[in-house]
Each structure stands twice: as structure tokens, then as C-alpha cells.
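Colleague: I have a model open on my screen and would like help reading it. Could you walk me through it?

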Amino acid sequence: MRIVNVAAAQMGPIQKADSREAVVKRMIALMDEAKAKGADLIVYPELALTTFFPRWYVEDRAEFDNWFEREMPSAATKPLFERAAQHQMAMNFGYAELTPDGHHFNTAILTDKSGKIVGKYRKVHLPGHVEYDTKRSHQHLEKRYFEPGDLGFKVWRELGGIIGMAICNDRRWPETYRVMGLQGVEMVLIGYNTPSVNAEKSEEGIEKRLFHNRLSVQAGAYQNSTWVVAVGKAGVEDGHPLFGGSLIVDPNGEIVAEARTEDDEVLVHACDLDATIFGKTTIFDFARHRRIEHYGLITSQ
Ligand code: CDT
């Protein structure tokens with residue numbers, strides 16, 4: 001057995017006025033709870049340090065640079081890294097990244113148990129739109145504020161296994177999991193912020209949206225025989241509801257833990273990475289069963 005005790009640290013809403021320092025305090029409290037429950041890896045949501053700011057339109061997008069981190073760890077996040085090192089706990093969280101040469105990415109990092117950053121992922125599938133859209137009930141301006149990630153879907157040898165990262169909308173795309181699956185991924189970490197309301201289809205209820213969350217994550221796990229840990233930011237942020245429903249899914253595609261609140265909530269599960277072996281050596285033994293001569297269309301358009 002190769003056990004990773006993973007904590008899915010769902011976060012309740014973060015309001016526009018909340019400081020990074022206040023948010024980091026909440027993240028540390030979740031980390032302490034995860035430690036008490038035996039976790040050695042903690043997974044936080046997408047854009048964990050701030051409210052989900054792409055819901056606001058500004059003409060001059062440079063005005064929004066205060067939502068971005070120019071360095072990591074920053075002064076505000078250093079206490080989180082220190083506590084992780086003290087607890088000997090690896091972590092994954094998302095933040096808005098502004099690079100020294102002026103590029104904006106929706107980013108996630110992975111640290112090892114000493115708090116050292118060992119992996120970085122930049123969101124590839126950016127949903128939403130660039131300009132203000134009067135037809136939507138709310139804006140989703142990720143395509144305005146971020147560039148598509150430029151690092152691809154890598155995996156990292158950490159915690160005795162093979163770990164991958166993706167962010168929010170990536171979880172709905174089979175290619176996300178398959179590219180990591182082809183590298184032998186055994187656990188995929190995904191943070192998200194998903195509005196409870198469909199901006200273009202108001203009659204769609206939250207139950208359908210939670211169903212699509214589960215469907216995407218469970219399918220990705222099963223079809224690649226990997227654990228998937230999907231962690232949301234939830235609740236009402238400045239009047240805008242996000243759903244919770246954070247999940248830990250096993251390599252059979254079955255849910256082993258699921259959040260019940262729309263607030264700060266920790267789920268911990270002992271994940272045996274060896275549970276990925278059966279699927280990877282039988283029905284999803286890619287080397288034996290894939291027929292790539294028929295897949296060209298996927299990358300040619
Ligand atoms: N953050 C993020 O990627 N959210 C999207 C909402 C899509 S609606 C434009 C998601 O796929 O959950």
C-alpha cells in the first residue's frame with residue numbers, strides 16, 4: 001500500500017474587502033484541522049487567496065493587478081508555508097500570478113512536505129469571455145484577465161506517487177486527465193470556483209450543476225484509473241453564489257468523500273495509490289488498448 005492522507009480543504013466565501021492575511025489565517029486553521037485528522041497533503045481551491053474577481057469588469061485591466069501575486073511565497077502567504085513545513089504537510093493552492101515580464105496566469109502550485117514549491121501549473125482551459133456581456137446574469141471574465149497556461153499538463157513524483165494538477169474548468173475536459181494519465185498520474189489535484197447559477201441559462205438548477213461537477217471528476221478518475229481531489233470555494237461572495245460539493249474520488253470513479261456545506265470544511269481520506277494499478281494494467285492499459293491512428297482529429301482542430 002502507498003497511502004497519501006489527503007485533505008480537501010473547501011473554503012467558504014471570500015469577500016472583496018477580505019485581506020490576504022485574513023484568508024491565510026483561515027487556510028492555516030483548515031491546515032491545523034487537516035493535521036489533527038492525519039493529513040499529509042492539503043488541497044485548497046482555485047484563486048484561494050482572494051474573492052473570485054473575474055466576475056467584475058474593468059476597462060483598464062491593469063487596475064486589477066492588485067488581485068495578482070508577484071511572488072510566491074509572498075509576505076502574506078509566508079505563514080502558510082511555515083505552518084505547512086511545521087506540520088510536514090504538502091500543499092496545493094491556486095492564485096492569480098503576475099510574472100516579472102508582465103504575464104497573467106490562473107496558477108496552482110504544489111509544495112513538498114518542507115514547504116518548498118516543487119510544481120507549478122497554469123490553467124489551460126479559460127472559460128467565459130473578454131468583453132462585458134449584457135446578456136449574462138453575471139460576468140465571467142477569465143478570458144479578459146488571464147492568458148492560457150503555457151506549461152501544459154505535467155506530473156510530479158512526490159509523496160511516493162505521481163501527482164498532477166488542473167484548475168476548475170479543466171476538470172470538464174477529458175484531455176486534461178488523459179494527458180496526465182499517459183504520464184501515469186495517480187492523483188490529480190483540482191481547485192475550482194463555480195457559480196451556482198448558469199449565467200446563460202438561468203433555469204438550470206444547482207443540482208444539475210453539481211451533477212456535472214461529479215460527472216466530470218468521476219469520469220476523469222475512472223477513465224484514467226487515478227484518484228482525483230476536487231476542491232471548491234463556495235458560498236455567497238459579494239452577492240454571487242458559488243457551489244461547494246468538494247469531492248475525493250477513487251480510481252474506480254467512486255466518491256469516497258463529499259462536502260456537505262458551503263463553508264470552510266475539511267474532508268480527509270486515506271488514498272492508496274496502489275489502488276490505481278488494477279485499472280492501469282487492465283481495461284485502461286493505454287499501451288495495449290489505445291488506437292491513436294484514429295485520434296488525430298483531437299489535436300488537428
Ligand atoms: N472558474 C471556472 O473555471 N469556473 C467555470 C465556470 C464556467 S461558467 C463560465 C467552471 O467550469 O466551473
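**Cavities, ligand and chain details**

Modeller: The largest cavity has a volume of about 60 Å³. This is a predicted model: local features need pLDDT of at least 70, side-chain atom pairs count only at pLDDT 80 or more, and totals for chains, interfaces and linings use all residues. Residues are numbered from 1 along each chain as its sequence is written, and side-chain values use heavy atoms, with hydrogens and water left out.

Colleague: How is a cavity found, and how many cavities of 30 Å³ or more does the structure hold?

Modeller: Rolling a probe the size of a water molecule over the atoms shows where empty space is left. On a 1 Å grid over the protein atoms alone, a cavity is a set of points where a 1.4 Å probe fits but cannot get out. Grid points are joined across faces, edges and corners, and the volume is the space filled by probe spheres set on the points. Here there are 2 cavities of 30 Å³ or more.

Colleague: Which residues line the largest cavity?

Modeller: Lining residues have an atom within 4 Å of a point. For the largest cavity they are Phe-52, Arg-55, His-138, Gln-139, His-140, Pro-195, His-240, Pro-241 and Leu-242. By class, 4 are nonpolar, 4 polar and 1 charged. Ala, Val, Leu, Ile, Met, Phe, Trp, Tyr, Cys and Pro count as nonpolar, Asp, Glu, Lys and Arg as charged, and the others, Gly among them, as polar.

Colleague: What about the second largest cavity?

Modeller: That one holds about 40 Å³ of space. Its lining includes Tyr-44, Glu-46, Asn-92 and Leu-189. The elements that give two or more residues to this lining are β3 (90-98), β7 (161-167) and β8 (187-193). Strands are DSSP runs of E, at least two residues; helices are runs of H or I, at least four; both are numbered from the N terminus. The class split is 8 nonpolar, 3 polar and 1 charged.

Colleague: Which residues are around the ligand?

Modeller: A residue counts as near if one of its heavy atoms lies within 4 Å of the ligand. Among them are Glu-46, Phe-52, His-140 and Cys-168. The shell divides into 3 nonpolar, 4 polar and 5 charged.

Colleague: Which side chains have an N or O atom paired with a ligand oxygen?

Modeller: A polar contact is a pair of N or O atoms within 3.5 Å. A ligand oxygen is 2.7 Å from such an atom in the Lys-123 side chain. For Arg-171 the distance is 3.2 Å. For Thr-194 it is 2.6 Å.

Colleague: Where does the chain have unusual backbone geometry?

Modeller: The peptide bond from Met-72 to Pro-73 is cis, with omega near 0 degrees. Pro-73 is in the loop between β2 and α2. Ser-225 has a positive phi of about 45 degrees, although it is not a glycine. Ser-225 sits in the loop between α5 (206-224) and β9 (227-233).

Definitions and conventions
A polar contact is a pair of N or O atoms within 3.5 Å; within protein, one must be able to donate a hydrogen and the other to accept it, and residues adjacent in sequence count only if both atoms are side-chain atoms. On a 1 Å grid over the protein atoms alone, a cavity is a set of points where a 1.4 Å probe fits but cannot get out, and a pocket is an open set with protein on both sides within 12 Å along at least five of seven lines; lining residues have an atom within 4 Å of a point.
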